[in-house]
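User: Please look closely at one part of this model and work outward from there. I would like a connected account rather than a list.

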Amino acid sequence: MEGAPLAQTQIPNRRSSSGGRRQQPVKRYKRRRRGAIWALYTFVAVLAVLVVGAYAAGTFFITPPPIKEARTQVTAPAAGKTEKEKQTEAGGEAPQVAGTGALKRKEGVYNFLLLGSDKGGGNADTIIVASYDTKSQKVGVLSVPRDTMVDRDWSRNGKINAALGHGGPELLAEEITKTLGVPIDYYFHINLQGFVALVDELGGVDVDIPVDMNYDDPYQNLHIHFKKGPQHLDGQAAMEAVRYRHDNKTTVNSNYSDLDRTKLQQQVLTGLADKVISWGSITKVQSFLNIFNTYVKTDMGLKDMLYFATQGMKLNTSSAVSSATLEGRGDAYYRASAWCMELNQESTVKLVNELVNPYTRDLTLKDMNLPRAERYYFNY
């Protein structure tokens, strides 16, 4: 429950004397399904933006955009400024991320924030940091759990996804910089409703369904029914396939593992990405523009988009992209928020450096701000 006080949240019993432990509510698994879709859609949608830019690139003199200053000050919405922010506006020193003064950006490496939500506002459903090295033509993609704990003084809500509703993508970008220590050069805020439209505009996608799939959830109006084997999926079917985990009659489909699900998602991603970055997609430029005008918000200007378009067309989508998800425990209570994700410090530092660090030296815990939980709901 977002931002719920501890007294109003049902808390499972701690470990029993026999060592047993209750599972967390089922609703947490639904969030993971949605996140899988976003990981696919955000990446493909951004590639399609680049194709739009590539169409017009021949009429411009294209140069690399300058490296931006890191967003190191997390500012609250105008209606709720803190005393610290008022002092800053009056001439005081702005708070900085520890260690950023000694950091030097690599040439040709840019960071992007990809945000997904069902509606234009509200909390973010998916948060992805992507780093693009235009020199080596490699992309690192790091998914940030939406319930990740953050240290903020403008709100009692301790989850990072709440920043989107309070101050938009700009505020959430500042939260990323403060928490993980990495700068954000550009953001893309994407509405999930555009997924079906984008896949349909690309003419669907060919995949090999690994198992028979039969799942119905009237509550979500979700109905998944596929036979094992090669399939050509339209937008709605592609969304259903990547959301599948098990049949109604089983808790876990013994013939379908997490690895199988990941492989299916990669099939969809690779198939769509290859279509997007092919020059054959140029004929769909006007349709892409219509989709993006409706479903995508970005702070990337046309000139910068054109540069990344010319670079992005060189990407080998099957080998140039590495991805991971930040790890931690999701049973943390922090400030006024229940069921927060406390990031594992060691793995967070490792993954950030491997995938999205644009600096010439490795980041350390001193460069980040990873708060610790006040308490946990499980005893382990």
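Analyst: **One bridge and its sheet**

Leu-343, in strand 12, is the bridge partner of Gly-328. The model is predicted, and what follows describes that model. Gly-328 belongs to strand 11, which covers residues 328-334 and is joined to strand 12 by four bridges. The two strands run antiparallel. In general, strands of a sheet pair through backbone hydrogen bonds, in either a parallel or an antiparallel way.

This pair is part of an open sheet of three strands, ordered 12-11-13 and paired antiparallel. Strand 12 (337-343) and strand 13 (375-376) stand at the edges; each has a single partner strand, so one side of each is left without a neighbour in the sheet.

Elsewhere in the chain, a loop between strand 2 (126-133) and strand 3 (138-144) holds Gln-137. Its relative accessibility is 16%, and because the cut-off for buried is under 20%, Gln-137 counts as buried. The side chain of Gln-137 makes a polar contact at 3.0 Å with the side chain of Tyr-132. That side chain also reaches the backbone oxygen of Thr-134, at 3.2 Å. Leaving out residues up to four places away in sequence, Gln-137 touches Tyr-132, Gln-311, Lys-314, Leu-315 and Ala-320.

Helix 4 shows how burial can be arranged around an axis. The helix spans residues 194-201, and its buried residues are Gly-194, Phe-195, Leu-198 and Val-199. These four cover an arc of only 130 degrees around the axis, which puts them on the same side of helix 4. As a general rule, an α-helix has 3.6 residues a turn, so residues three or four places apart point the same way. Just after helix 4 comes Gly-203, with a positive phi of about 85 degrees.

These parts sit in a chain of 380 residues, of which 51% are buried. Its secondary structure comes to nine helices and 13 strands. Of the contacts with a separation of 6 or more, 73% are between residues 24 or more positions apart. The chain exposes about 17900 Å², and carbon and sulfur atoms supply 50% of that area.

To return to the starting point, the bridge between Gly-328 and Leu-343 lies in a strand pair with four bridges, and strand 12 stands at an edge of the open sheet.

How values were computed
Residues are numbered from 1 along each chain as its sequence is written. This is a predicted model: local features need pLDDT of at least 70, side-chain atom pairs count only at pLDDT 80 or more; totals for chains, interfaces and linings use all residues. Side-chain values use heavy atoms; hydrogens and water are left out. Buried means under 20% relative accessible area, exposed over 50%, partly exposed in between (1.4 Å probe, protein chains only). A polar contact is a pair of N or O atoms within 3.5 Å; within protein, one must be able to donate a hydrogen and the other to accept it, and residues adjacent in sequence count only if both atoms are side-chain atoms. Contact means heavy atoms within 4.5 Å. Two strands pair if DSSP finds at least two bridges between them. The arc is that of the directions from the helix axis to the C-beta atoms. Accessible areas come from the Shrake-Rupley method with a 1.4 Å probe; for residues, only the protein chains shown count as cover.
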